[in-house]
Amino acid sequence: MKKPVFISLTALFGILLLADCASHRSFSGNGPVHSLKAIFKDDFRIGTALNTTQIEEKDPAVDALIQEQFNTVTPENIMKAEIIHPEWSRYDFTQADRLVAYAKKHHMTVNAHTLIWHSQLPSFMHTMQNTDSVRQYLTSHIHTIASRYDGKVYSWDVVNEALNEDGTMRRSVFQQKLGDDFVVEAFRTAEKAAPHTKLYYNDYNIEEPAKRAGAIRLIRKIQAAGVRIDGVGIQGHWNISSVPFQKIEDSIEEFAALGIEVMFTELDLSVLPSPFKDNITADVNQKIEYNAAMNPYTNGLPDSVQQKLADCYGNLFRIFLKHKDKISRVTFWGAGDQQSWLNDWPVQGRTDYSLLFDRQLKPKPAFFSVINLKKTNL
Ligand code: XIL
């Protein structure tokens, strides 16, 4: 006769506690907190940008937060051309290799960022006049880096920010020397070099109708050339005064209709006054002079602004969840507010509050407004 199976109350409690820990863990002594990656595990991946200090795990509190909250990472700077390819015939993979090891150790995927971009180029590219040299740079840069990391990173932002606000092609060094087709060439080279890696186009403001139309034309052109493109990244650098919710939703639908993944790849919401008309730029080359009026919240964020930020994040994630079948990843451009590039761009030395975790790495009301959307399903 089979023995009856008894589970003691203590064992049962242990099992329940373990199951609970998978989605509700505490970190850094801040009490119980939900984990974004656990909560959204059936919806989309949740990512953060990583800088060098974080890849090298130099700050235990940030490290714990990152490992608890995120299952995918994007290097904030270290795979950009000026760092990974400092001289014409010299590559430096030191930091990129560390990133790959970090992600492997923590079971995270890497979205590598970025192969072809007009910003943060090595200095030799600033003086490049000759078309053949630019073509050779494009091909060998992509080939060398993408093949090295094929099978080690999950995806590449193959081309970043090739479009103007009106949807025409930006006059970058690549466009000027190689013509509009440099984008197709870049994807063709990446496809050969990295057959096991997803290939994406990434840009800011491509939720805006004119620029979106340009992005759709670009993606269709790549597809029509028989070249692989797996997804499009909407960067998502917005301001709480003007998050374009409807345009974001329309963009998810229109991009997904092209048969590719849609991602939000650099999400942050500035709460500070924007020096730009309609807040619509994320051009890293824009630099605006500091003045105190542009930096109103040095002593903390007023409750009303904190609430507005929480509402904006809540509304955004409501849209993301509604379209989770089309969205594969949502990546924040940093973990805690201290790390955000928005403290120094476009005005240096400001105090912004753009992410879900504050300067002490505590979850903000925005964090709870995001996770509350899923509460009933937990
Ligand atoms: C930013 C980084 O966050 C900064 O540290 C760096 O100084 C400039 O670049 N669009 C992109 C990102 O694709 O690579 C940019 O990252 C932000 C805008």
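This presentation covers the aromatic pairs of the structure, two charges placed over rings, and helix H8.

Good morning. The model before you is a predicted one, and I shall begin with its aromatic rings. A search of the whole structure finds 20 aromatic pairs. I shall describe two of them, and then a cluster.

The pair I take to begin with is formed by Trp88 and Phe124. The ring centres of Trp88 and Phe124 are 5.7 Å apart, with 90° between the planes, and the arrangement is edge-to-face. Where do Trp88 and Phe124 lie in the chain? Trp88 is in the loop between helix H5 (81–84) and helix H6 (94–105), while Phe124 belongs to helix H7 (residues 123–126), so the pair ties together parts that are 36 residues apart in sequence. Trp88 has a relative accessibility of 36% and therefore counts as partly exposed. Phe124, with a relative accessible area of 17%, is buried, because buried means under 20%.

The next pair consists of Tyr137 and Phe174, and its rings are stacked: the centres are 6.1 Å apart and the planes differ by 25°. This pair, too, links distant parts of the chain, for Tyr137 is in helix H8 (residues 131–148) and Phe174 is in helix H9 (residues 173–178), 37 residues apart. Are these two residues buried or exposed? Tyr137 is buried, at a relative accessible area of 0%, and Phe174 is buried as well, at 1%.

Ring pairs also join residues into a cluster, whose members include Phe40, Phe44, Phe70, Trp238 and Phe264. Tyr313, Phe317, Phe320 and Phe332 belong to that cluster too.

Two rings have a charge placed over them. Lys211 lies over the face of Tyr204, 3.8 Å from the ring centre. Over the ring of Tyr353 sits the charged end of Arg359, at 5.1 Å from the centre.

Let me now return to H8, the helix that holds Tyr137. H8 has 18 residues, and from its first C-alpha to its last it reaches 26 Å, close to the 26 Å expected at 1.5 Å a residue. Which residues of H8 are buried? They are Val134, Tyr137, Leu138, His141, Ile142, Ile145 and Ala146. These residues cover an arc of only 110° around the axis, and they therefore lie on the same side of H8. Among the elements that cover them are H5, strand E5 (109–116), H7, strand E6 (155–160), H9 and helix H10 (182–193).

Finally, Asn130 caps the N-terminal end of H8, with a side-chain oxygen 2.8 Å from the backbone nitrogen of Asp132. Thank you for your attention.

Notes
Residues are numbered from 1 along each chain as its sequence is written. This is a predicted model: local features need pLDDT of at least 70, side-chain atom pairs count only at pLDDT 80 or more; totals for chains, interfaces and linings use all residues. Side-chain values use heavy atoms; hydrogens and water are left out. Rings of Phe, Tyr and Trp (its six-membered ring) pair if their centres lie within 6.5 Å; planes under 30 degrees apart count as stacked, over 60 as edge-to-face and the rest as tilted. Helices (H or I, at least four residues) and strands (E, at least two) are DSSP runs, numbered from the N terminus. Buried means under 20% relative accessible area, exposed over 50%, partly exposed in between (1.4 Å probe, protein chains only). A charge sits over a ring if NZ of Lys or CZ of Arg is within 6 Å of the ring centre and within 35 degrees of the ring normal. The expected span of a helix is 1.5 Å times one less than its number of residues. The arc is that of the directions from the helix axis to the C-beta atoms. Contact means heavy atoms within 4.5 Å. A polar contact is a pair of N or O atoms within 3.5 Å; within protein, one must be able to donate a hydrogen and the other to accept it, and residues adjacent in sequence count only if both atoms are side-chain atoms.
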